[in-house]
Amino acid sequence: MTAQATIISAEIRKKVQALLDKLQTPMNDIYELIQGAGAAPIRLELPAEDDTNQQRLNLLIDFAKNRTGVQPGGYLSDSQIHSVALALRMAAIQQFNFAAPIIALDDIVTSYDADHRRTIAGLIATMFGRSQILIATHDERFFYYLKDQLEAKVWHFTRIIGLDPAYGPRFADHKVSDEMIEARWAAGHSAANEMRQAEEEWLLGVCRDFGVSVRIRPLEKAYSYERSELASALAGLLKDAKLAPALVPGVNNRFLDSLVKGEIENFGSHFQDGLYGGGSIGDEKARWEEFKAFRSQFACKKCSRKKFQRPITLKKPVCAHDGCEAQFEFAVAPAGMA
C-alpha cells in the first residue's frame with residue numbers, strides 16, 4: 001500500500017506540475033501587463049518531494065541577484081501581490097475554462113491606483129471578450145473605465161444604489177418615471193424631490209451622450225454633479241454647436257436658464273417663481289410640463305430615438321443607433337404641452 005501510494009503521489013505531482021508549467025508564461029505575461037515592463041517574473045513550483053505538506057503551492061520570485069527563489073510576500077507591495085493572484089487566476093481561466101467561459105470578479109481593484117485600474121479594465125476588454133464576465137465593484141472610477149472600454153451593445157452595466165429589506169436591491173436603472181411623479185400628485189403629495197431626481201437623471205444621461213465638458217469633481221464625489229453644473233455644461237455645448245431648442249409656449253424655454261441661475265426654487269426647495277412664496281402641486285405640475293416639453297425636443301429627427309454619441313472630432317452629437325447616425329438637430333416641441 002505504501003509503495004502504491006508513493007507511485008500515485010508521484011503521478012499526481014507530475015500532472016500538477018505540468019499544469020503549473022502551462023500557466024507560468026501566460027501568468028507572467030498578464031502580471032507584466034498589469035505592473036508594467038520590468039516586473040520580475042514569478043515561478044510556480046510544488047514543494048520538495050520530502051515536504052510533508054504536498055498540498056501547498058510555492059510562488060517564488062528572483063527579487064535580486066542575492067535574493068533568488070524567495071516568496072513574493074516579503075518583497076512586493078500589496079498591489080503587486082494582488083497582481084500576482086489576479087494574473088494567476090486570469091491565466092488559469094484562459095487555459096482551462098474553454099467548456100465554461102464564465103468569470104466572476106468581485107472588487108478586484110481595491111488596492112490599485114487609477115492607472116492600474118484603467119489597465120485592468122483594458123485587459124478584461126481585450127483578453128476576455130469571448131467570455132461571460134460578471135464584475136462587481138464598489139469603485140465608481142473602475143465602473144466607468146469598464147463602460148468606456150467595453151462595448152455597450154454586448155455588455156450590460158447597472159448600479160445598485162441601495163438595499164431595501166422589503167424590495168431587495170434597487171438599481172440605478174430604477175429611475176424616476178413620469179408615472180411615479182403623477183402617482184404622488186394623485187395621492188395629494190408633493191413630488192418636488194422626485195422631480196429634482198428625474199431632472200438630474202435626464203440631464204446626466206444627455207450630458208454623457210453629448211460628451212459635454214464638466215469640471216472634475218472632488219475624488220469622493222467623482223461622478224456626482226449638481227443640476228446647475230450639468231445644465232451649464234449642456235447650455236454651453238448647445239451654444240457652441242449653434243443648436244437652439246424651440247421656445248416652450250408661455251415660459252420662454254427657461255429650463256436650463258432657471259437651473260443655471262437658481263431661479264425656479266425658493267428657499268424651501270419648492271418649485272415656483274416667487275423666492276419667498278410657498279410651493280404647491282400646481283406649481284410643480286407647471287414646472288413638470290415645461291420640463292417634458294423641453295425634454296421632448298431631444299430626439300433624433302430621422303428615427304425619433306433618443307440615444308446619442310459625440311465623436312471627439314465633431315461639434316454636434318450624432319444618433320447612436322446603427323443605420324441612422326444622423327447629426328443631432330432639435331425636434332419641434334409638441335404644441336400644447338406647456
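**View 1. Accessible surface of the whole protein.** The accessible surface comes to about 20100 Å² in this predicted model. Carbon and sulfur atoms hold 53% of that area. The protein has 338 residues, and 36% of them are buried.

**View 2. Fold and contacts of the protein.** The fold contains 9 helices and 8 strands. Consider the contacts between residues at least 6 apart in sequence: 54% of these join residues at least 24 apart.

**View 3. Nonpolar patch at Ile8, Ile12 and Val16.** These three residues, Ile8, Ile12 and Val16, make a nonpolar patch on the surface. Its area is about 250 Å². Ile12 belongs to helix 1, which covers residues 2-35.

**View 4. Cys324 in the segment after strand 8.** Strand 8 spans 318-319, and Cys324 lies in the segment that follows. Cys324 has 12% relative accessibility, so this residue counts as buried. The cut-off for buried is under 20% relative accessible area.

**View 5. Contacts of Cys324.** Neighbours within four places in sequence are left aside here. Cys324 is then in contact with Cys300, Lys302, Cys303 and Cys319. Three of the names in that list are cysteines: Cys300, Cys303 and Cys319. The other is Lys302.

**View 6. Cys324 and Arg305.** Along the chain, Cys324 and Arg305 are 19 residues apart. Their C-alpha atoms are separated by 9.7 Å.

How values were computed
Residues are numbered from 1 along each chain as its sequence is written. This is a predicted model: local features need pLDDT of at least 70, side-chain atom pairs count only at pLDDT 80 or more; totals for chains, interfaces and linings use all residues. Side-chain values use heavy atoms; hydrogens and water are left out. Patches are made of residues with over 30% relative accessible area and no salt bridge: like charges are joined within 9 Å, nonpolar side chains (Val, Leu, Ile, Met, Phe, Trp, Tyr) within 5 Å. Accessible areas come from the Shrake-Rupley method with a 1.4 Å probe; for residues, only the protein chains shown count as cover. A salt bridge is a side-chain nitrogen of Lys or Arg within 4 Å of a carboxyl oxygen of Asp or Glu. Helices (H or I, at least four residues) and strands (E, at least two) are DSSP runs, numbered from the N terminus. Buried means under 20% relative accessible area, exposed over 50%, partly exposed in between (1.4 Å probe, protein chains only). Contact means heavy atoms within 4.5 Å.
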